[in-house]
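Biologist: Please take one part of this model and go through it closely. I would like the surroundings of a single strand, with the cut-offs stated.

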Amino acid sequence: MEKEKPLTSIRSINKRSGFTLIELGVVVLVLAMFSALAVPRLVAFQRAEDYQNFINRTKAIFGEARETAIERKAVFVLRVSGDQIELTEDGADEGQGQAIRTVPLPDGVQVDQVTLNGSTTNTETWLMAFYPDGTATRGGVQFDSDGRLFSMQVDDVTGRAAFIDGELPEQTQTKWEAGEREQRGGG
């Protein structure tokens with residue numbers, strides 16, 4: 001006698017390895033939710049990094065302007081040129097020259113205000129001069145990064161720049177006594 005084959009249930013016939021369409025849809029949905037949470041954080045992280053790099057490079061170019069003027073015994077100027085800050089190797093009077101260093105403004109950062117000798121001026125005429133004796137034109141530049149203000153202010157006596165997290169403060173003229181350094185920049 002022959003053995004009878006056992007009856008296979010419908011369930012065992014339909015069982016196959018793999019995922020159902022619903023399972024795949026749930027996985028895709030979960031991945032989409034995670035990416036929706038992660039992408040804005042990554043973008044914000046990248047913007048914060050660009051912002052910090054810009055601040056560091058801006059501090060460096062202001063310091064480099066002073067140091068280069070002293071080393072080369074010549075006048076060097078910083079200017080805003082379009083969407084960047086330029087360090088130029090010519091004198092402040094000529095107003096044109098070959099840029100030796102530039103710092104581009106990152107997306108979302110713009111020049112908000114510039115001052116020279118205590119007065120607000122426009123970016124086209126703003127030239128921050130650094131002299132061979134270590135002094136500089138009194139002034140500064142204020143940046144706006146999506147509503148957050150930060151500034152660089154230059155002391156005319158020391159020629160050193162200071163970073164300010166906030167608005168550019170009102171600048172007062174340094175008092176000069178007889179026999180001290182010659183006043184620069186006509187304040």
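Modeller: What follows goes from one strand to its sheet, the helix across it and the core.

This is a predicted model, in which local features need pLDDT of at least 70 and side-chain atom pairs count only at pLDDT 80 or more, while totals for chains, interfaces and linings use all residues. Residues are numbered from 1 along each chain as its sequence is written, and side-chain values use heavy atoms, with hydrogens and water left out.

The strand is β8, residues 148-154, which includes Ser151. Helices (H or I, at least four residues) and strands (E, at least two) are DSSP runs, numbered from the N terminus. Ser151 counts as buried because its relative accessibility is 0%; buried means under 20% relative accessible area, exposed over 50%, and partly exposed in between, with a 1.4 Å probe and protein chains only. A polar atom of the Ser151 side chain lies 2.8 Å from the backbone oxygen of Gly166. Beyond four places in sequence, Ser151 touches residues including Val141, Gln142, Phe163 and Gly166, where contact means heavy atoms within 4.5 Å.

Phe150 is also in β8, and with a relative accessible area of 1% it is buried. Its C-alpha atom is 4.5 Å from that of Asp165, 15 residues away along the chain. Among the contacts of Phe150 outside four places in sequence are Tyr51, Phe54, Ile55, Val141, Phe143 and Asp165.

β8 belongs to an open sheet of five strands in the order β5-β4-β7-β8-β9, with antiparallel pairing; two strands pair if DSSP finds at least two bridges between them. β5 (119-121) and β9 (161-164) are the edge strands, each with a single partner, so one side of each has no neighbour in the sheet. From one strand to the next the twist averages 25 degrees. Seven bridges join β4 (residues 109-116) to β7 (residues 139-145) in the antiparallel sense, and Gln110 is opposite Asp144 in β7.

Helix α2 (residues 21-72) lies across β4, β7, β8 and β9, at about 10 degrees to β8. Axes are lines fitted to C-alpha atoms, for helices over the stretch in contact, and angles run from 0 to 180 degrees between N-to-C directions.

The largest nonpolar core has 27 residues, and those with the most contacts inside it include Phe54, Trp126, Val141 and Phe143. β7 and β8 are among the elements that give two or more residues to this core, and α2 gives the most, with seven. Such a core is a set of buried Ala, Val, Leu, Ile, Met, Phe, Trp, Tyr and Cys residues joined through side-chain atoms within 4.5 Å.

Methods:
A polar contact is a pair of N or O atoms within 3.5 Å; within protein, one must be able to donate a hydrogen and the other to accept it, and residues adjacent in sequence count only if both atoms are side-chain atoms.
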